[in-house]
Amino acid sequence: MKVIKIDKNEWASGLEKLRSAYELIGPVKEKFYHAFQPLESGQQPDMDYINTRVSPKYVIYPQSELILECSLNENDEDYKIYKEPEKEYTPKAILGIRPCDADSFSLVRRNFDTEEYKDPYWLRAYEATTFVGLACDQPCPTCFCSSAGSGPYSDSNLDILLADNGDHYLARVLTEKGEKLAAAAGWSQDAGDEADQQIDQKKQEAESAIQSRVNTDKLASQSLLDLYEATDAIWEKEAFSCINCGTCTFVCPTCWCFDVQDEVSGKKGYRIRNWDSCMYPLFTLHASGHNPRGTKVDRLRQRFMHKLKYYVDKYENGIQCTGCGRCVQLCPVNIDIRRICNMLNSYDPESCTCEVTAS
Amino acid sequence: MKSYTDKIKEIAKRLLKEDKVDMVIGYRKGTVPLMHQPFFATSEGEVDSFVWDSNCGLNLANYITDRKERIGIVATGCNSRNIAVHVVEGKIQRDQLYIIGIPCQGMVDRHKLAAMAEGNIASVEEDEDKGTITISGQGFSKSVDKAEVLQENCSICVHRNPVLCDELVADEVTEQTREQADPYARVREIEAMSPDDKWAHFDDLLSDCIRCYACRNACPLCYCPQCFVDESNPQWVGKSVDPTDIRTFHLLRAYHCAGRCTDCGACVRSCPVGINVRDFTKKLEKDCLELYGWEAGLNTEQRPPLDTYKPEDPEDFIK
Amino acid sequence: MVNPYIPYPVRIDEIKTETEDKSLKTFKFVFLNPEDEEKFAYRAGQFAELSIPGLGEIPIGIASSPVEKGFVKFTVFKTGKVTSYLHSMKEGDIMGIRGPLGNWYPWDLLEGKNVVIIGGGFAFTTLRSSIIYMLDPENRKKFKDIHVIYGARSPGMLLYKEELEQWAARDDLNMHITVDGTDDPEWKHHTGFVPTITEQEAPAGTEDTYAIVCGPPVMIKFTQPVLDKLGYTNDRIIMSLENRMKCGIGMCGRCNIGKEFVCKDGPVFTLKQLNQTPKEY
């Protein structure tokens with residue numbers, strides 16, 4: 001694998017060269033905090049950012065996305081016939097994405113790219129994107145990526161991994177897409193024989209700086225119904241403070257659920273998909289008024305069972321969480337997935353008890 | 001605030017022991033800084049988890065809506081006013097409640113502190129004697145006067161002591177007068193804007209909204225079984241992040257809270273993207289005071305002004 | 001890449017009001033592009049999303065049978081926004097159908113077996129599809145005894161009345177029609193709830209006998225112990241679920257019962273399978 005050296009004073013000019021071939025997206029400081037935004041000409045990504053509040057999932061999977069449109073004009077030949085809107089999937093590059101956020105796309109892909117059905121919108125956007133990740137040397141106190149199947153230097157869903165090394169980046173070019181981008185930016189300086197080791201050294205330091213972890217080793221062998229039915233030991237108490245807002249699901253990089261809504265504007269009909277949240281009663285409400293997940297205990301249990309058990313059993317590939325810590329930081333009532341994960345992992349159906357950890 | 005915490009525990013234990021209540025609602029220490037968790041205790045052992053300090057910002061009146069148990073509940077000035085609103089609106093019976101009153105010294109603004117920090121806040125210390133808050137994290141530590149980092153609603157609050165309670169955990173704190181607090185300074189600033197500037201202000205205010213409804217769901221007033229934004233037949237509001245729909249949601253929600261809102265600040269505190277939702281609600285609070293001489297939740301008898309009609313109600317705003 | 005969200009355009013060819021309270025109508029659709037009919041090849045028990053442009057989609061079981069060609073039929077209960085609008089539409093109107101979606105009754109497994117169909121209310125639609133399929137001359141010999149127990153509140157609330165009478169007249173099908181009550185002196189079928197009629201008329205559960213049960217929750221609740229008593233094991237009781245759905249293809253996340261999606265892994269499950277999942281339906 002090739003490691004190249006990108007001097008920071010060549011970074012900006014490289015990005016300018018990329019603009020003819022890529023739409024650039026990167027972290028920028030907004031009013032109070034950072035967000036991933038398209039970078040206007042001359043605008044630089046702020047590579048010193050603390051992780052963004054809303055995850056970059058919306059680059060591939062916008063919060064509201066037009067999926068079909070049709071004419072509602074009776075005189076048109078294709079009156080009321082829904083068609084795919086014309087959309088261009090021009091190449092994009094996400095610059096400075098954190099490895100945990102990049103890993104989330106592989107998790108979400110399992111939902112949108114299945115044997116039977118493929119979601120064309122998600123897949124086309126994903127395939128048009130080159131992921132240039134920035135390794136994470138200063139993990140947040142709430143980060144638990146390394147025990148959630150990801151890590152501060154995880155590169156499994158990156159095309160290029162950048163490691164900040166003072167006046168330059170060490171860039172591990174991981175895929176063909178990555179090579180193409182590096183070539184387009186004119187970044188080709190060989191980082192030397194020791195670069196690989198240097199990155200590994202930094203990786204070890206970063207991993208040891210992570211203070212927070214979850215235990216997931218027993219989740220797969222737990223009985224699904226035992227965990228589901230642990231109402232007294234887990235769900236009732238943990239759900240008490242939940243106000244059933246959608247914050248956790250909307251800031252989460254791996255929450256993929258959506259709603260489909262039709263709208264009319266003038267003589268056109270639009271079918272739009274919007275992010276949805278399992279925290280909302282409406283998510284599962286039948287037209288008859290019956291609601292299979294009618295209480296907040298049901299809904300909170302759904303969220304955590306999905307991430308920590310249903311997903312684990314269905315894909316046999318870890319938990320549906322990359323440990324980014326956003327929900328932990330932003331939940332207005334301090335419901336902490338780390339605590340709940342450890343409870344589920346340690347649950348003993350015989351005694352109906354589990355270990356409770358502070359975080 | 002150890003003395004408050006100890007007293008809360010003492011009262012809660014007594015209430016449970018004497019079987020005066022089935023549960024006591026308070027806060028337990030959060031797993032992250034600046035964030036304690038609403039929590040209920042049904043046994044004396046669980047009471048030991050209770051905590052009180054400047055990070056108990058979510059309004060506990062949320063947790064009593066339509067409950068059937070006998071409840072002990074910790075309540076500050078604004079929380080007690082929301083409990084009163086609940087009683088007036090039939091969401092709880094007064095005699096179901098034993099209110100443990102907190103003379104409130106204000107909550108700190110987690111958004112403000114996060115913005116001040118040079119990195120991630122790993123811990124927060126409060127020094128009661130000096131009146132300071134110290135935040136620290138990797139490579140930084142910073143002390144500030146608590147008064148500087150209070151939630152805005154707390155710094156202009158004129159009802160810090162509970163208006164409704166069965167027992168206080170400490171002596172009442174001194175209230176600021178309305179003249180001292182000047183609670184509507186910001187509303188006046190916005191009122192003075194030109195229509196274009198107002199439009200730009202509210203556009204910018206809502207530009208980051210992700211429609212997670214944390215503001216609505218954190219609000220003790222928003223207990224409707226189905227919110228108007230969720231109704232499908234008829235459907236009043238679109239569900240995408242179209243700015244018109246987002247504005248409609250915030251404006252209508254604010255109106256539904258008019259004359260009921262106690263400015264507890266839970267909406268702003270909950271917002272994951274830091275929107276000052278109070279720019280809407282505070283204006284309506286001011287209007288209710290000026291038009292009807294009304295402040296929400298000061299007693300358990302009177303219904304809010306937009307819920308009643310009197311022939312002498314002002315009508316010069318109808319044009 | 002096939003876009004699974006695009007409906008096939010269809011024209012409403014015929015609308016028939018099924019019940020006396022007019023809450024149920026059967027819509028017969030014809031594909032605007034004849035080649036779409038082949039793409040829509042389905043099995044009895046599957047469902048589709050009926051799509052009204054500018055208004056929304058609703059998941060509805062397919063009431064026509066794979067052996068009926070040239071059209072597809074759906075019987076729709078008027079309840080929410082989309083179904084109410086659909087009830088106001090006219091013959092000739094254009095809309096869309098997306099599917100077929102979900103799994104079907106296990107026809108391969110049921111070959112050579114006795115089949116007991118138990119239905120109630122307006123959940124009879126995919127059961128109609130199944131009966132027509134089994135009675136097709138090519139197919140009837142594949143199955144042993146067929147029993148159908150179908151109940152509604154009153155005679156006027158029964159679906160597919162003409163077909164019910166035709167089936168009742170056949171000797172290769174045991175038809176047991178029932179109503180909760182009626183003051184019609186001419187009524188010549190059963191009176192009583194479905195579980196009671198099941199207890200009286202259904203054959204005993206053997207290794208060769210399968211029950212397909214589809215109806216309102218209360219019917220299912222009381223039919224299940226009857227089937228237990230008759231000796232039906234949980235893996236021989238087949239049910240079809242409904243849940244709120246949007247995508248119909250296992251992606252939007254709302255219709256799950258545990259790790260299974262009702263839209264994609266279902267809607268057909270055996271009771272044995274359901275006993276291993278949370279009861280979130």
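How many residues of chain B are in contact with how many residues of chain A? The views below start from this contact.

**View 1. The contact between chain B and chain A in the predicted model.** Here 33 residues of chain B meet 35 residues of chain A, two residues being in contact if their C-beta atoms, placed from the backbone, lie within 7 Å. This is a predicted model in which local features need pLDDT of at least 70 and side-chain atom pairs count only at pLDDT 80 or more, while totals for chains, interfaces and linings use all residues. Residues are numbered from 1 along each chain as its sequence is written, and chains are lettered from A and ligands numbered from 1 in the order in which they are written. On the side of chain B that touches chain A, the elements giving two or more residues include strand 1 (23–32), helix 4 (110–116) and helix 11 (266–270) of chain B, and strand 2 of chain B gives the largest share, six residues. Helices (H or I, at least four residues) and strands (E, at least two) are DSSP runs, numbered from the N terminus. This side of chain B has 16 nonpolar, 14 polar and three charged residues, where Ala, Val, Leu, Ile, Met, Phe, Trp, Tyr, Cys and Pro count as nonpolar, Asp, Glu, Lys and Arg as charged, and the others, Gly among them, as polar.

**View 2. Helix 1 of chain B and its buried residues.** Helix 1 (residues 2–17) of chain B has 16 residues and spans 22 Å from its first C-alpha to its last, close to the expected 22 Å, the expected span being 1.5 Å times one less than the number of residues. Among its buried residues (20 or more other C-beta atoms within 10 Å of their own, with C-beta atoms placed from the backbone) are Y4(B), I8(B), I11(B) and L15(B). The buried residues of this helix pack against elements of chain B that include strand 1, strand 2 and helix 2 (44–47). After helix 1 of chain B comes D19(B), with a positive phi near 55 degrees.

**View 3. The two domains of chain C.** Chain C is divided into domain 1 (8–101) and domain 2 (107–240), with bounds that come from an automatic or database domain assignment. The C-alpha centres of domain 1 of chain C and domain 2 of chain C are 24 Å apart, and their contact takes 17 residues from domain 1 of chain C and 14 residues from domain 2 of chain C. On the side of domain 1 of chain C that touches domain 2 of chain C, seven residues are nonpolar, six polar and four charged.

Key
A residue is buried if 20 or more other C-beta atoms lie within 10 Å of its own, exposed if 12 or fewer, and partly exposed in between; C-beta atoms are placed from the backbone.
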